[in-house]
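Here's a quick walk through a few spots worth looking at on screen. Keep the sequence and the 3D view side by side as you read.

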Amino acid sequence: MSTTETGNSSTTESAVSGLDYEETQLTLAASGASRSELERKRGFSEGVDLSLETKDFLSGSSDEAPISGAGEPSAAKAQVVGWPPVRSFRRNVLKSCTYVKVAVDGTPYLRKVDLEAHAGYQQLLTALEEMFSCFTARNYPNERLVDPVNGTEYVPTYEDKDGDWMLIGDVPWKVRSSSNFTGNIKGFGSHVEAINKEELEGAISTIHGKHHSTENNLDVCRFMQTASLMKSSEAVDLAPRTPTGCITAR
Amino acid sequence: MTYFPEEVVEHIVDFLGSHGDRNAVSTVCKAWYQVDRLSRRSVFVGNCYAIRPERVVTRFPEMKSLTVKGKPHFADFNLVPYDWGGFAQPWIEAAARGCPGLEELRLKRMVVTDDDLELLARSFPNFKSLVLVSCEGFSTDGLAAIATYCRGLRELDLQENEVEDHGRQWLSCFPDSCTSLVSLNFACLKGEVNASALERLVARCPNLKGLKLNHSISVESLNKILARAPHLVDLGTGSFTIDNRSETYHRLINAFFKCKSLRSLSGFWDASPFCLQAVYPICTNLTVLNLSYAPAIQSADLTKLIGLCFKLQKLWVLDCIGDKGLVVVASTCKELQELRVFPSDIYGTGITAVTEEGLVAISSGCPNLNSLLYFCYQMTNSALTTVAKNCPHFTRFRLCILEPEKPDPVTNQPLDEGFGAIVRSCKNLRRLSVSGLLTDQVFLYIGMYAEHLEMLSIAFAGDSDKGMVYVLNGCKNLRKLEIRDCPFGDAALLKDVAKYETMRSLWMSSCDVTLGGCKALAAKMPRLNVEIINENDGTSESKENLSDLQKVEKMYFYRTVAGPRNDAPDFVWTL
């Protein structure tokens with residue numbers, strides 16, 4: 001079972017000792033799109049591209065607000081007014097699809113963040129900082145799936161329609177989002193509000209999943225429909241679980 | 001013809017359907033003017049400020065149907081401030097005084113209050129049909145008044161309005177004696193609606209053909225409704241989320257199976273993929289399908305459904321359908337006439353699964369296509385040329401490439417040639433929206449070839465004043481021109497001002513026209529209302545201080561015989 005498939009990181013070769021923050025660039029981008037591609041796409045309005053240096057955040061100097069968008073100070077205007085030309089009624093109906101995928105070089109899977117849930121860029125960046133410093137399901141830090149045999153921990157991930165591995169739990173279950181699961185996770189009734197360890201284990205045992213052995217034969221990865229479990233130890237290899245200065249996930 | 005008695009002329013004129021033709025008749029001579037005015041039943045007012053309501057009512061005392069439009073089209077995209085105008089009140093008041101026989105009122109992009117609706121409900125004893133499109137300013141209390149007082153109401157059609165929710169009891173206001181409903185559409189309501197009152201209403205209206213529900217109506221309720229009204233022709237579902245193992249789901253399948261008359265389906269609020277299967281039994285009869293409010297349904301499920309709809313004439317979908325999905329549409333829906341592909345990821349990165357490939361596939365599979373609205377990631381000249389060749393019958397062609405000023409990705413050229421091919425080939429084109437990287441050349445083509453063009457929408461296009469001049473010189477039938485973010489300035493604006501009296505309106509925002517240019521226009525053309533919308537500062541002191549050289553952020557002018565309007569807010573300055 002391979003690690004991240006973002007295509008823009010060579011994670012297995014990177015240093016094991018820790019995230020190289022100097023080189024880590026946090027970009028809001030569709031997965032698979034390299035940064036230079038993204039900049040070309042946004043040629044008409046330089047204010048739309050948003051790239052940040054994470055190191056400044058993690059060292060706590062948040063009031064420097066290093067939003068180095070390639071352009072004007074009014075880079076906060078990420079949308080042109082009235083574009084695309086879609087009626088307000090339709091915009092409001094599709095509003096809940098404001099989740100965007102966030103990729104961080106050197107991490108094994110992507111996260112989803114709701115742009116609407118944050119009042120401004122500062123709040124968004126704080127949330128992103130939290131997301132990418134600790135590699136457990138954000139809302140359920142105490143719900144760890146542990147293999148009783150050898151103590152390895154798992155985090156639930158799934159592969160979405162773009163082929164990216166996403167952490168389960170970022171998008172509320174009921175949200176009608178266009179790019180979540182490629183198939184339904186059977187065994188979950190539609191009334192399930194949260195995924196916790198018990199439900200996860202229960203679901204795994206009731207659905208028809210595959211048992212998939214990894215190379216060393218001691219670890220077992222279980223698939224749930226389109227979701228699979230990745231060993232969190234693999235994630236740990238790539239980045240420290242709790243780097244200094246990190247805010248633990250709520 | 002002047003020797004014929006009036007009744008004969010009237011009889012002949014009655015055969016004329018279109019407003020344009022009847023307007024022409026009325027200008028022939030006084031006698032014909034009289035015949036037309038007394039026999040006109042249906043009146044269309046394209047701009048509520050072009051004429052005073054009293055004049056319309058006085059001229060056409062026997063009118064039965066009145067249509068009025070208010071705000072400019074770009075108001076749909078938040079470019080017009082909230083209280084710009086477009087009030088329904090004077091129209092309803094005038095009609096109440098002078099035209100008590102009114103039966104039908106259709107309003108688009110207007111401000112309608114609860115008081116207006118109550119006046120309407122109480123003033124016209126024969127009132128049958130109310131259609132409100134993209135309106136705002138009213139609440140469910142206004143709907144309660146309509147339900148209470150309009151005896152014999154046949155149609156209440158609310159399309160994409162902004163309605164304040166004051167509770168669910170409005171529907172219960174339809175009296176038990178109300179059995180005349182033919183069409184009821186409350187899909188745009190945000191709040192809860194009394195489901196059991198709805199079920200009873202449906203049960204007692206045997207002529208009900210159209211019913212569009214909002215998201216508050218559950219599938220359980222839909223089942224009961226369909227059981228009572230299996231003769232529905234046009235259905236907008238309510239919430240469409242159910243567990244596919246449940247009894248409700250099986251009842252739904254059975255209910256749909258019995259709806260032999262169903263031709264049009266929409267709604268699908270919150271729809272999840274497997275719920276679509278309930279609809280399979282009636283797919284083969286569908287001519288209209290609107291899945292554009294169901295973002296959770298991906299291409300595979302969309303295509304499984306659409307693959308059964310081989311009689312489809314009108315399809316509205318989200319771009320999740322992807323190019324591959326559009327290929328399925330092309331191979332299945334041979335009778336397709338109208339296609340709309342909306343963006344699903346409005347706040348995202350603008351990357352969609354729909355490109356020029358999907359459109360080319362559609363054009364080769366659906367030669368009867370005449371109306372298109374297509375949001376896509378990219379477009380090529382070659383694709384547009386192919387589409388133009390395959391589909392020469394376009395009357396409406398609106399293409400929106402999500403990223404402004406995007407060139408042909410294969411050749412890196414502007415899309416002038418592609419759109420040129422469209423206007424050359426589609427001789428009946430009436431409405432056009434262009435996008436992507438465009439130079440003045442495309443406007444030369446439009447001016448040269450788009451003889452029947454009536455409405456043109458331009459954004460982020462053109463190089464110089466020449467572009468706009470080409471259009472104004474060339475398009476003889478142009479009625480509405482709306483432009484945003486283009487380098488067109490005073491020279492273009494003032495080149496041929498007489499043209500503007502042949503047009504309904506012109507909108508220019510974020511262009512290069514200056515205050516001085518607008519003033520010059522207003523001075524030359526007294527029968528145009530030239531409005532400057534300045535949201536930042538509407539005070540009169542600041543108006544004095546503004547230099548004529550200053551660029552105007554938003555200008556909207558329209559021809560009128562009513563003079564400057566008296567209901568303009570502070571931030572609207574009529575020159």
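## Thr395: buried in a loop

In this predicted model, B:T395 has a relative accessibility of 15%, and because anything under 20% counts as buried, that is the label B:T395 gets. You'll find B:T395 in a loop of chain B, with helix 14 (381–390) on one side and strand 16 (396–401) on the other.

Which residues does B:T395 touch, once its neighbours within four places in sequence are left aside? The contacts are B:N370, plus B:N428, B:L429, B:R430 and B:R431.

## Helix 14 and its two sides

Now step back to helix 14 of chain B, one of the two elements that flank that loop. Its buried residues are B:N381, B:A383, B:L384, B:V387 and B:A388. Look down the axis of helix 14 and these buried residues sit within an arc of 160°, so they line one face of the helix. Flip to the other side of helix 14 and you get B:S382 and B:K389, both exposed.

What do the buried residues of helix 14 pack against? Their partners in chain B are helix 13 (356–365), strand 16 and helix 15 (416–425). Strand 16 therefore turns up twice here: it packs against the buried residues of helix 14, and it also borders the loop that holds B:T395.

## The largest cavity

How many cavities of 30 Å³ or more does the structure hold? There are 6, and the largest has about 160 Å³ of space. Its lining is made up of 16 residues, and those closest to the centre are B:P72, B:H73, B:K480, B:S505 and B:Y556.

Two elements of chain B each give two or more residues to this lining: strand 19 (480–484) and strand 20 (505–509). Strand 19 supplies the largest share, with 3 residues. By chemistry, the lining splits into 6 charged, 5 polar and 5 nonpolar residues.

## Annotated domains

Two stretches of chain B carry domain names in an unreviewed UniProt entry. The record's "COI1 F-box" domain spans residues 3–41. That stretch is 67% helix and 0% strand, with its end C-alpha atoms 25 Å apart.

The other annotation, "Transport inhibitor response", is listed by UniProt for residues 61–107 of chain B. Here the chain is 21% helix and 19% strand, and 19 Å separates the end C-alpha atoms.

Conventions:
Residues numbered from 1 in each chain as written. Chains lettered and ligands numbered in written order. Predicted model: local features only at pLDDT ≥ 70, side-chain atom pairs only at ≥ 80, totals over all residues. Heavy atoms only, no water. UniProt positions renumbered as here; feature names shortened; annotations may be inferred. Helix = DSSP H or I, 4+ residues; strand = E, 2+ residues; numbered from the N terminus. Buried < 20%, exposed > 50% of the residue type's maximum accessible area, 1.4 Å probe, protein only. Contact = heavy atoms within 4.5 Å. 1 Å grid on protein atoms, 1.4 Å probe; cavity = no way out; pocket = protein on both sides within 12 Å on 5 of 7 lines; lining within 4 Å. Points joined across faces, edges and corners; volume = space filled by probe spheres on them. Nonpolar A, V, L, I, M, F, W, Y, C, P; charged D, E, K, R; others polar. Arc of directions from axis to C-beta.
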